[in-house]
Structures are given as C-alpha cells and as structure tokens.
Amino acid sequence: MSLNPPNRTGMTLETFIMEGMLGVPAATGAFTSLLNQIAFAAKLVTSQVRRAGLANVLGYTGGVNVQGEHVMKLDELANETLITALARRGHCAAVASEELEDVHFITNDQRARYVVMFDPLDGSSNIDVNISIGTIFAVLRRAEGEDVSASTFLKPGRELAAAGYVIYGSSTMVVLSTGREKGVHGFTYDPSVGEFFLSHENIRIPEQGSTYSINEGNHSRWSEPVKRWNSWIKGEGDGRPYGSRYVGTLVADAHRTLLKGGIFAYPVDAKSPKGKLRLLYEANPFAFLVEAAGGAATNGTERILDLEPTSLHQRTSLVLGSKLDVETFASFMRGDR
Ligand code: P6P
C-alpha cells in the first residue's frame, strides 16, 4: 500500500526548516539557524511595514519624531532589523545590502559559514500608496578558510545555497528554496499567533502563462527586438493576446509570475543601458527560485545564474517566468522572429 506523502500544509516555517525539509540536514545546525534568523527578521519587518500606514504618527518617515529623535525611514529600519537578526548566533560572516555602499562585516570567525545579500525593502516607494512591497535575500556559503571580503559575494547565482523573499501584500508570505532538488515553498504569516505556516508546498511554475509584465512606459526607449516582442505578445500579428499586469514592485510582479506563469521583463533601455534591477540581490535570488520551480530567467539571452558578478550593486536586464514564454522572448532577441 503506497502511503500518501505526508500533508505538511500548516507546518510552521521553523519546523519545516528544522526538520530538513529544505534539504538542510538538521545536523548542520548553522544553515538551519541562519534561515530561521531570516524568518525571524521577516516577522519583525512585517510588523514595521504593517504599521507604515501610521508612519506620520509612528515617525517612520525618516524625519524627526515628537521626541526630537531622528527616525529611520522604513527601508533603513528593515535594513537594520535584518543585519541585527543575521548577526545573532554567529552563522553569518557579512552582509551586502541595497541600502549599504559596501559590505557590512560581522565576523571573520570560521564558524560563520555564510554571507547574505538582500534588498531589505524592495519597492519602498510604493509604501505611501499601500502597494505590495517586499524583502529579497540570497545566501552564499564561504569557501573553506576564505577570509570574508567583497569578492566573497561576487559569485554566480548558480552557487547560491538558498534564496527567497518576503512579500508584504494582502497577507505576508515567505517564499524560499535551497535549490531545484528540494523545491520552492511558500509560508503565509498568521499575525494572531506570530508564525509562518506552510501554504504553498512545492510551487511549480506553468510551462506557459497568459500574462506579461513590463513597464510599457519605457516603450520608446526599448530596442527594436523588444518592441517587436511587445507587439507580438499583445496579439498584433500571430501572437496570442496575453493579459498585461504590472505592479512596479519586483517582488509582487515576480511572485505573481512564479505562481501563475507568464513572463516578467525589465530589459535594458536607453535610460538604463545596463538594466535597472540589481544582479546580486534582485535578479539572482528570483532566477534561483524560478529555475527551482521549473521556469527560466535570463538577461534576454543569457542565463542569469551564469552571469559572473564584478561589483556588489551591478545592474542587469531581467526576463523571468514560464520556460516557453522566456524562450519566445529570447527568439525575438536573437532575431529569429
Ligand atoms: P519602474 C522598485 O523601485 C524596483 O526597484 C523594482 O522593485 C521594480 O520591479 C522596478 O524598480 C520598477 O521600476 O522603472 O518600472 O518604476
């Protein structure tokens, strides 16, 4: 009699990690603890974000509050929260953040086996209009005996040990993966008990979708191949008309694409000739997740996870989503269509 796989829906994120469901042998302890620290930080940041609507009252405005104290902007607060959480328990040697020009060193102790890159609050310009925002993170292992430096972070995304994001939307969710073999899993936050519960086990992206996501306001600045792809995807000519969805927060647009399929594209353009999105803590984490869920992620033609980083904040074009939709985009870039 074949036993059905255990239904793990409702399992807490902490238990899921502790029991090695992410392919993390609990025996290591360090990696498990690091992921749980990230989950802990997500709880703190979601609490700060949920109160952002009261920003002027609570003073999360980056100005000075009634006591005359300088108050951090929400993205600075999220940044500080993540660094503090990651510095505990001694498993993280250093962090690289969208908010910090340089690497923030924590310890060179060899027991700190990992470094973490993150965008603490992606899309923070959408806070004051109550549109979804998010936190994006990626984890790299240090090489044995390696002294921590900026170059520790400059590894291609295929070497990531884990990646994930928190989306602060109609509910707060953590979505993370330790790689293709262990899948991509989503956990939804229940603020009444302060826990993330497994709600989306083993997320798989459809082979093809029916929505495309791109900022059409950049149309005049796109290359000719991108313009040809754009008119095709609208159904002008032989294309199948897709629905257009664009939030303007990478975490929200990529999350929808991961769950529903389709394509998200932020190609280079005349205003952003190297692309707008950051390779290390935006493109790589989402490329890692989308590939682990069975999709694809390129810079238009090359696999994102194979790009060799040269600087912490370097930008890239990013095209991700259903394998077939990303390949169609690439066929236009190659001039095949
Ligand atoms: P645009 C948000 O500012 C962000 O960095 C990403 O989250 C998002 O995908 C992109 O910029 C949106 O850029 O030019 O369309 O406003």
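This is a short dialogue about reading a ligand site and one loop residue in a predicted model.

Colleague: I'd like to start with the ligand. Where does the ligand sit?

Modeller: Start by looking for the pocket that holds it. In this predicted model, the ligand sits in the largest pocket.

Colleague: Which residues are around the ligand?

Modeller: Look along the chain for the stretches that come together there. The residues around the ligand include Asp122 and Gly123, then Asn215, then Tyr246, Gly248, Thr249 and Leu250. Tyr266, Lys276, Leu277 and Glu282 are also around the ligand. Sorted by class, this shell has four nonpolar, four polar and three charged residues.

Colleague: What lies 2.7 Å from an oxygen atom of the ligand?

Modeller: Here you look at atom pairs, and ask whether the protein atom belongs to a side chain or the backbone. For Tyr266, a polar side-chain atom lies at that 2.7 Å distance from a ligand oxygen. Leu250 also has an atom 2.7 Å from an oxygen of the ligand, but this one is a backbone N or O. Asn215 uses a polar side-chain atom, 2.9 Å from a ligand oxygen. As for cover, the protein hides 78% of the 400 Å² of accessible area that the ligand has on its own.

Colleague: Now to the loop. Where does Lys234 lie?

Modeller: Find the elements on either side. Lys234 is in the loop between helix H6 (224–233) and strand E10 (243–244). Its C-alpha is 8.4 Å from that of Ser244, a residue 10 positions away in sequence.

Colleague: Why is Lys234 called partly exposed?

Modeller: The label covers values between the buried limit of 20% and the exposed limit of 50%. Lys234 is partly exposed because its relative accessible area is 32%.

Notes: Residues numbered from 1 in each chain as written. Predicted model: local features only at pLDDT ≥ 70, side-chain atom pairs only at ≥ 80, totals over all residues. Heavy atoms only, no water. Near = heavy atom within 4 Å. Polar contact = N/O pair within 3.5 Å; in protein donor to acceptor, adjacent residues only side chain to side chain. Areas by Shrake-Rupley, 256 points an atom, 1.4 Å probe, with all protein chains shown as cover. 1 Å grid on protein atoms, 1.4 Å probe; cavity = no way out; pocket = protein on both sides within 12 Å on 5 of 7 lines; lining within 4 Å. Sits in = over half its atoms within 2 Å of the grid points. Nonpolar A, V, L, I, M, F, W, Y, C, P; charged D, E, K, R; others polar. Helix = DSSP H or I, 4+ residues; strand = E, 2+ residues; numbered from the N terminus. Buried < 20%, exposed > 50% of the residue type's maximum accessible area, 1.4 Å probe, protein only.
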